[in-house]
Amino acid sequence: MCSSQITQLASRIAANTTLVSEYLAGKNLPLPSFDLDGPLDTLIPKEEIAIEAARVAIIDDTEELRRLVLGPREHLMSFAHDVLLSQQAIVRFKLAHSFPVGGEASFADLASASGLTETTTRQLVRYAITNGIFTEPKRGVIAHNAVSRLLVEDAVIFDWVATAADGGWQAASRICDALEQFPGSEEPNETGYALAHNTDKPIYEYLAMHPDKARRFANMMRAYTTGTGYELSHVTDNFPWGELGNGVVVDVGGSAGHASIAIARKFPSVSCVVQDFAPVVQSFSDAVPAELADRVKFEVHDFMTEQPVKNADVYFFRWIFHNWSDKYSIKILRNLIPALKPGAKIVVNDNVLPEPGILSKWQERHLRSMDLTQMLIQNAHERELDDWKDLFEKADARFHFQWAKQPQGSTLWFLVFEWAGKD
Ligand SMILES: C[S@@+](CC[C@H](N)C(=O)[O-])C[C@H]1O[C@@H](n2cnc3c(N)ncnc32)[C@H](O)[C@@H]1O
């Protein structure tokens, strides 16, 4: 007898769950749990390719199984307008910070700490619990679980959630309005983000005028670099930085300087210049570890203007161009030209969109979501490999494509172009 799709999925989930669970037990690692002391990350090292593949298959298959047993109608109705509401409220009103990790609080306690009414607090927190944040061990008594604990103890992940669930979510809610109002726009200030924030500035200029939001955004970028697929080891291990000798790397739009710090730490003769807007530079330039301070410098630079660091060996763009429509990406590239020596490398570490159906559904959704995020914040988009080559070609035919690869386990690709212009 042929087994049904749902039983096939269930069997595969069971088999892969056994693989993951036996791996963790064999290594004496804790099993997944949202208990207060549960592990905060997957604990499967990226080198464990088969086990990681089993984990990813569990994520895809459980979602597929859930959809099938919901049925199309309930599936559609499961996407409600409140999807990020509890996260937004938790970060806006600091609900997770209202009582200590390991302690307990009543709704009245949370209300008096947050300034919300007790009824509102109960609504928000009980909804959050259905999304896996907080627990209610006894009726009316709220305690932290591993998720709410993370929000209290990890300021970077707190800022990630705040950026996504507050500003980002508001921007998403205005994207269709922006598409109607500015059809086909490539302008970074004609977006859902701009409408939601009631500004005519592009997001990064708006952030520059709001240092607190800018710091949060930079922390969000940092949070990505600690997530699976974005480890900075991919940056250090997949380009021959060591061959630069005592060369100079310009980390254009380098934010908190995390990539440059990782490169400088691993390659003791390389120097890095981290360029970004003034508020970002002010927030992070003092945080360079003392032993790297002579090789990792920060500099205020707007990459929509001419590049001031001449004759560097590498101009490194990590996660920059995906924020910009072709019109502005071309401008950024042309702004480099007066600074480039022959043979200078333009090293891009960014997303490359796959053909549909090649990646796991979970990984593909992540990239497609990133693609939409670029639309709503900047009227930009992610690119397929040929789009990248076309972009550089359009900017100037003297940018020669050298190679591109997606390192094993990395979400971002490396794309390397060489400047073939003459002195
Ligand atoms: C998506 S983040 C990438 C940060 C960093 N490269 C990384 O990989 O985490 C984009 C960065 O570009 C910076 N940025 C945006 N517009 C800029 C401009 N016109 N000039 C300089 N930096 C800019 C932002 O402040 C932000 O730090």
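A residue is counted as near the ligand if one of its heavy atoms lies within 4 Å of it. In this predicted model, 17 residues surround the ligand. The closest of them are Gly253, His258, Asp276, Asp302 and Arg318. By class, this shell is made up of 8 nonpolar, 6 polar and 3 charged residues.

Polar contacts to nitrogen atoms of the ligand involve both backbone and side-chain atoms of the protein. A backbone N or O atom of Gly253 is placed 2.8 Å from a nitrogen atom of the ligand. In the side chain of Asp302, an N or O atom lies 2.8 Å from a nitrogen atom of the ligand. For Arg318, a polar backbone atom is found 2.8 Å from a nitrogen atom of the ligand. On its own, the ligand has 590 Å² of accessible area, and the protein covers 96% of this area.

The domain assignment divides the chain into domain 1 (5-77), domain 2 (85-152), domain 3 (154-217) and domain 4 (219-419). Between the C-alpha centres of domain 1 and domain 3, the distance is 33 Å.

Pro338 was examined as a single position. Pro338 sits in the loop that joins helix H15 (326-336) to strand E8 (345-350). With neighbours within four places in sequence left aside, Pro338 is in contact with Glu306 and Lys310. Pro308 is 30 residues from Pro338 along the chain, and the C-alpha atoms of the two residues are 8.9 Å apart. The relative accessible area of Pro338 is 46%, and Pro338 is therefore classed as partly exposed.

How values were computed
Residues are numbered from 1 along each chain as its sequence is written. This is a predicted model: local features need pLDDT of at least 70, side-chain atom pairs count only at pLDDT 80 or more; totals for chains, interfaces and linings use all residues. Side-chain values use heavy atoms; hydrogens and water are left out. A polar contact is a pair of N or O atoms within 3.5 Å; within protein, one must be able to donate a hydrogen and the other to accept it, and residues adjacent in sequence count only if both atoms are side-chain atoms. Accessible areas come from the Shrake-Rupley method with a 1.4 Å probe; for residues, only the protein chains shown count as cover. Ala, Val, Leu, Ile, Met, Phe, Trp, Tyr, Cys and Pro count as nonpolar, Asp, Glu, Lys and Arg as charged, and the others, Gly among them, as polar. Domain bounds come from an automatic or database domain assignment. Helices (H or I, at least four residues) and strands (E, at least two) are DSSP runs, numbered from the N terminus. Buried means under 20% relative accessible area, exposed over 50%, partly exposed in between (1.4 Å probe, protein chains only). Contact means heavy atoms within 4.5 Å.
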